Structures are given as structure tokens and as C-alpha cells.
Amino acid sequence: MTELQQRQVNNRLLRRFPEDAFELLAPLLEPIDLPVKHSLVRPRKSIEHVCFIESGLASMVAESADGRSVEIRHIGREGIAGYPVVLGVDRTPNKTFMQVPGHGFQVATEDFLPILDYPEVRQLLLRYVHTCELQLAHSALAAAKFNVHQRLARWLLMCHDRIDGNHLPLTHEFLALMLGIRRAGVTNELHILEGMHAIKSTRGNVRIVDRKKLIEIAGGCYGVPEQEYERLIEGPQPADPAGRQNGHHAIVARQTGSSVVG
């Protein structure tokens with residue numbers, strides 16, 4: 001088996017690991033395909049693996065005692081599924097599963113936890129958890145203070161940040177879960193954004209037509225958690241030999257409406 005090189009991974013957290021910590025973890029990372037609906041964290045079950053997502057999009061979902069559910073955050077190549085173990089938590093009532101297929105690297109929790117003995121790794125992952133909490137806080141803010149089409153614009157931008165290209169393979173079922181509304185209401189909200197010439201929606205796909213317009217529509221409910229991730233996690237990165245942007249720097253460029261290669 002070819003040894004995994006740090007420069008080969010897409011996951012932004014793995015790319016930020018200290019070199020010696022990554023070399024210790026690399027042999028334990030198992031490549032895994034992540035099809036739609038693949039379960040990453042089961043509610044109230046032991047978190048047996050941590051998954052560093054390389055591509056695709058996972059949803060973390062909260063569910064009430066009577067079975068009602070809503071998506072509370074996305075996880076893509078900027079993060080990990082199973083991150084509660086960083087806080088010493090072995091299980092959670094929330095569930096996490098794939099909404100857009102991709103692939104990643106998983107590692108058994110018992111093999112992953114010793115890596116936290118590296119102070120730089122622990123600090124990095126705790127900072128990541130902080131950005132997750134901030135994303136949750138801004139989801140609550142958006143739900144309380146912004147219109148549904150503004151919230152939809154925010155969620156689409158967050159998906160766009162984590163998926164290459166301008167085509168987002170999102171179903172009405174997923175969009176309804178994101179917004180916490182009935183599926184019938186999703187069509188109306190998509191029509192609003194289409195009327196503003198920000199997106200083009202077809203069955204099972206949303207194409208971003210004008211990202212800058214989408215940012216304007218989202219207003220103040222998008223951008224703060226993304227900027228905090230950039231400040232705490234990314235920082236300066238070496239230039240790509242091909243002159244391309246990568247990782248979260250591409251997200252920042254997208255926030256300003258500039259073009260992103262990828």
C-alpha cells in the first residue's frame with residue numbers, strides 16, 4: 001500500500017496537522033467511499049470512527065423526541081465527522097450522514113484519541129469545534145431573525161463552499177431538512193432566488209448562477225463563521241505550484257464574489 005502523503009489530502013484539518021503527528025496517523029487512516037445516506041455518526045451509539053471528509057457533503061441532524069428533525073450544520077472537506085470525541089464525548093443524540101456522495105479517511109476512535117496528546121493537534125481540533133459551535137449559533141440567528149429565502153441563500157452558499165463547481169446535487173427533501181420547512185415550501189423559496197437571478201433550479205440540482213448576488217441576498221446571516229474558520233484554522237498557506245487557490249482560501253475568494261478555480 002502506498003504511503004499517504006500529507007500534501008495529497010484535501011481535508012483542511014489533515015493538511016494542518018504537524019508533520020510528525022500526520023506521519024503517526026497516516027498508517028491508521030482507512031480510505032472509505034461515502035455514498036448518499038451513509039451513516040457517519042449514529043444517534044446515541046458509540047462513536048466508533050472519526051472521518052476526515054475529502055469530498056462530498058455530510059449533514060448533522062438534530063431530532064426531537066417525537067421524531068421531528070432539522071439539519072444543524074454541514075461537514076465537508078473543512079472538517080471531520082465524529083468530532084464530539086475531541087471533547088471527551090463518546091456518543092451524541094445527533095446523527096450525521098452523507099447528503100452528497102464523496103470519499104474520506106476514517107480512523108478508529110481508539111486509534112485517533114492518542115493523537116490528541118500532541119498539543120498542536122488538540123489546539124487545532126478544539127479551534128475547529130469552536131467554529132462548529134459558531135456555525136450552530138448563526139443557524140439559530142438566521143432562523144430567528146432572517147427570512148426563509150435569506151436562510152436558503154445562506155445554506156446554498158455553505159454547500160457551495162464545500163462542493164467543487166457550481167452544480168449542487170441537492171434534493172427538495174434535503175433543502176426542506178436544511179430549512180426546517182415542508183417540501184412544498186421549498187419550491188417557492190427556490191423560485192424567489194431564481195427570480196433574483198442568483199440560481200437555476202432543476203430536479204435534484206441547484207446551479208449557482210451569481211454567487212455575489214446570493215451573498216447579497218443572505219445578508220448578515222452568512223460569513224462570520226467562515227471568517228472565523230479562516231482566522232483560526234487556515235492562516236497563510238504556501239502558493240500552489242499551478243497558481244491555483246485551494247481549500248478554505250477558495251471559500252474566502254468566493255465570499256467576495258471573485259472567481260475560484262476548481
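This tour proceeds through the model element by element, stating what to select and what is found there. The structure is a predicted model.

**The three-stranded sheet**

Begin by selecting β7 (167-168), β8 (199-202) and strand β9 (residues 205-208). The three strands form an open sheet in the order β7-β9-β8, with antiparallel pairing. β7 and β8 stand at the edges, each with a single partner strand, so one side of each is left without a neighbour in the sheet. Strands of a sheet pair through backbone hydrogen bonds, which may be arranged in a parallel or an antiparallel sense.

Display the backbone between β7 and β9 next: the two strands are joined by two bridges in the antiparallel sense. His 167 is the residue to centre on here, as it stands opposite Arg 207 in β9.

Move then to β8 and β9, which run antiparallel and are joined by four bridges. Thr 202 faces Asn 205 of β9 across this pairing. The two strands form a hairpin with two residues between them. Select Gly 204 in the turn, where phi is positive, at about 75 degrees.

Show the side chains of β8. In a regular strand, side chains alternate between the two faces of the sheet. Ile 199 and Ser 201 point to one face and are buried, while Lys 200 and Thr 202 point to the other and are not buried.

**From β8 to helix α5**

Keep Ile 199 selected and add Leu 156, which is placed in helix α5 (residues 148-162). The C-alpha atoms of these two residues are separated by 9.5 Å, although their positions lie 43 residues apart along the chain. Leu 156 has a relative accessible area of 0% and is therefore buried.

Remain in α5 and select Asp 161 together with Arg 211. They form a salt bridge whose closest N and O atoms are 2.8 Å apart. Asp 161 lies in helix α5 and Arg 211 in helix α8 (residues 211-218), so the pair ties together parts that are 50 residues apart in sequence. Both partners are buried: Asp 161 has 3% relative accessibility, and Arg 211 has a relative accessible area of 8%.

**Other salt bridges**

The structure holds nine salt bridges. Another to select is that between Lys 95 and Glu 63, with an N to O distance of 3.7 Å. This pair links distant parts of the chain, since Lys 95 belongs to strand β6 (residues 95-108) and Glu 63 to strand β3 (residues 49-63), 32 residues apart. Lys 95 is partly exposed, with a relative accessible area of 27%, and Glu 63 is likewise partly exposed, at 42%.

**Helix α9**

Select helix α9 (residues 224-234). Eight of its eleven residues are buried, so the helix is largely enclosed by the rest of the structure. Among the buried residues are Pro 225, Tyr 229, Leu 232 and Ile 233.

Within this helix, the side chains of Glu 228 and Arg 231 meet in a salt bridge of 2.9 Å, N to O. The two residues are three apart, about one turn of the helix. Glu 228 counts as buried at 17% relative accessibility, whereas Arg 231 counts as exposed at 57%. Continue past the helix to Gly 235, which follows α9 and has a positive phi, near 65 degrees.

**Positive phi outside glycine**

Most residues other than glycine have a negative phi. Two residues to inspect in this respect are Lys 37 and His 197. Lys 37 has a positive phi of about 80 degrees, is found in the loop between β1 (30-34) and β2 (39-41), and is partly exposed at 48% relative accessibility. His 197 has a phi near 60 degrees and is found in the loop between α7 (183-195) and β8. At 60% relative accessibility, His 197 counts as exposed.

**Surface patches**

Finally, switch to a surface representation. Glu 3, Glu 19, Asp 20, Glu 23 and Glu 120 form a negative patch. Helix α2 (residues 19-25) gives the most to this patch, with three residues. Glu 3 is found in the segment before α1 (12-16) and is exposed, at 55% relative accessibility.

For a nonpolar patch, select Leu 87, Val 89 and Leu 126, which together have about 230 Å² of accessible area. Leu 126 is placed in helix α4 (residues 119-145) and is partly exposed, at 37% relative accessibility.

Terms used:
Residues are numbered from 1 along each chain as its sequence is written. This is a predicted model: local features need pLDDT of at least 70, side-chain atom pairs count only at pLDDT 80 or more; totals for chains, interfaces and linings use all residues. Side-chain values use heavy atoms; hydrogens and water are left out. Patches are made of residues with over 30% relative accessible area and no salt bridge: like charges are joined within 9 Å, nonpolar side chains (Val, Leu, Ile, Met, Phe, Trp, Tyr) within 5 Å. Accessible areas come from the Shrake-Rupley method with a 1.4 Å probe; for residues, only the protein chains shown count as cover. A salt bridge is a side-chain nitrogen of Lys or Arg within 4 Å of a carboxyl oxygen of Asp or Glu. Lys and Arg count as positive and Asp and Glu as negative; His and the chain ends are not counted. The place of a charge is taken as NZ of Lys, CZ of Arg, CG of Asp or CD of Glu. Buried means under 20% relative accessible area, exposed over 50%, partly exposed in between (1.4 Å probe, protein chains only). Two strands pair if DSSP finds at least two bridges between them.
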